[in-house]
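Colleague: Please take the charged pairs and their surroundings in this model and go through them closely, saying at each step what the terms mean and where the partners sit. I would rather have one connected account than a list.

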Amino acid sequence: MSWLLNTLHADLRTSKKDSSIIYECFQGELEVVKEIPKKSIEKKENGDDQNTDVVTENNGIVKETYKMPFLMLGLDLPPPPLFKDVMEKNIIPQVPLFNILKKFDGETVIEVVRPHIARMRYRVTRLPQYLILHMRRFTKNNFFVEKNPTLVNFPVKNLELKDYIPLPTPKENERLHSKYDLIANIVHDGKPGEGSYRAFVQRKSEELWYEMQDLHVSETLPQMVALSETYMQIYEQQQ
């Protein structure tokens with residue numbers, strides 16, 4: 001999906017500020033705060049971007065603040081439980097979408113180790129017309145790919161982002177458009193490497209939902225859209 005959007009942008013962009021219909025529809029903006037122990041960057045060259053504010057604090061932490069565009073937001077799922085329930089069946093954990101959106105509240109700290117150890121905080125500073133969310137279900141190690149089976153509970157209509165993450169104050173005479181409706185949901189069934197994908201898509205002219213897998217297309221109910229291991233979602237901003 002990332003490759004597709006960037007390739008379409010490259011082919012459709014105009015000379016005006018490197019823009020395209022792809023960026024106009026899908027591109028938002030994040031404020032990133034990166035805290036790095038000074039020892040980790042002693043060998044780093046001084047080639048900081050002009051849009052990056054760098055502050056060295058008394059405790060030896062170097063703090064960088066900068067803006068970064070995005071075409072989709074990657075959401076981290078909580079680790080599944082290691083134990084089975086009393087019926088010896090695997091416990092399938094569930095998490096509300098709002099919980100994993102906290103990654104972008106500007107306060108939640110994400111620990112990273114590459115390219116060096118750092119503490120990251122993210123805050124959404126501009127929302128796109130179409131918001132793409134990617135649930136990071138698959139993790140790779142040296143031997144195999146693991147899949148996180150956690151179910152994500154989400155609303156099909158009226159996802160109000162301002163209730164869960166802080167958003168910038170709109171300019172004078174402007175209104176904050178922070179409410180979204182789901183228009184597409186991609187799910188993965190089965191084991192990694194062996195499973196299959198299905199797509200739920202809304203036909204807006206009739207407000208009907210359809211389930212698609214290869215050449216098979218069938219009408220479905222909105223409540224069925226959320227009963228699956230969602231992998232990627234596209235939300236449309238209400239105007």
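**Salt bridges and their surroundings**

Modeller: There are 13 salt bridges in the structure, a salt bridge being a side-chain nitrogen of Lys or Arg within 4 Å of a carboxyl oxygen of Asp or Glu. The model is a predicted one, in which local features need pLDDT of at least 70 and side-chain atom pairs count only at pLDDT 80 or more, while totals for chains, interfaces and linings use all residues. Residues are numbered from 1 along each chain as its sequence is written, and side-chain values use heavy atoms, with hydrogens and water left out.

Side chains of opposite charge can pair when their charged atoms come close. One such pair is arginine 121 with glutamate 35, whose closest N and O atoms are 3.3 Å apart. This pair links distant parts of the chain, since arginine 121 belongs to strand β7 (residues 118-126) and glutamate 35 to strand β1 (residues 28-37), with their positions 86 residues apart in the numbering; helices (H or I, at least four residues) and strands (E, at least two) are DSSP runs numbered from the N terminus. The two partners fall into separate accessibility classes: arginine 121 counts as partly exposed because its relative accessibility is 22%, whereas glutamate 35, with a relative accessible area of 16%, is buried. Here buried means under 20% relative accessible area, exposed means over 50% and partly exposed lies in between, using a 1.4 Å probe and protein chains only.

A second pair joins glutamate 236 to lysine 204, where the side chains meet in a salt bridge at 2.7 Å, N to O. Glutamate 236 lies in strand β17 (residues 230-237) and lysine 204 in the loop between β14 (196-203) and β15 (208-213), so this bridge ties together parts that are 32 residues apart in sequence. Glutamate 236 is a buried residue because its relative accessible area is 14%. Returning to the strand β1 partner, salt bridges that share partners join Glu35, Glu111, Arg119 and Arg121 into one network.

The third pair to mention is arginine 203 with glutamate 206, their closest N and O atoms being 3.6 Å apart. Arginine 203, at 45% relative accessibility, counts as partly exposed, and glutamate 206 is likewise partly exposed, at 40%.

Aromatic side chains deserve the next look, as some of them share strands with the residues already named. The structure holds five aromatic pairs, where rings of Phe, Tyr and Trp (its six-membered ring) pair if their centres lie within 6.5 Å, with planes under 30 degrees apart counted as stacked, over 60 as edge-to-face and the rest as tilted. For phenylalanine 104 and tyrosine 122 the ring centres are 6.0 Å apart and the planes stand at 55°, so this pair is tilted. It links distant parts of the chain, with phenylalanine 104 in the loop between α3 (97-101) and β6 (110-112), tyrosine 122 in strand β7, and 18 residues separating them. Phenylalanine 104 is buried, at a relative accessible area of 4%, and tyrosine 122 is also buried, at 13%.

Phenylalanine 138 and tyrosine 231 have ring centres 5.5 Å apart and planes at 65°, so the pair is edge-to-face. Again distant parts of the chain are linked, phenylalanine 138 being in strand β9 (residues 138-140) and tyrosine 231 in strand β17, 93 residues apart. Phenylalanine 138 counts as partly exposed because its relative accessibility is 24%, while tyrosine 231, at 19%, counts as buried. Together, Phe138, Tyr197 and Tyr231 form one aromatic cluster.

Two loop residues complete the picture. Glutamine 27 is found in the loop between α2 (21-26) and β1 and is buried, with a relative accessible area of 18%. Apart from residues up to four places away in sequence, glutamine 27 touches Ile22, Pro69, Phe70, Leu71, Arg126 and Pro128, where contact means heavy atoms within 4.5 Å. Threonine 150 sits in the loop between β10 (145-147) and β11 (151-153), and its relative accessibility of 0% is why it counts as buried. Leaving aside neighbours within four places in sequence, threonine 150 is in contact with Leu77, Pro78, Pro93, Gln94, Val95 and Arg137. For leucine 77, which is 73 residues from threonine 150 along the chain, the C-alpha atoms of the two residues are separated by 7.0 Å.
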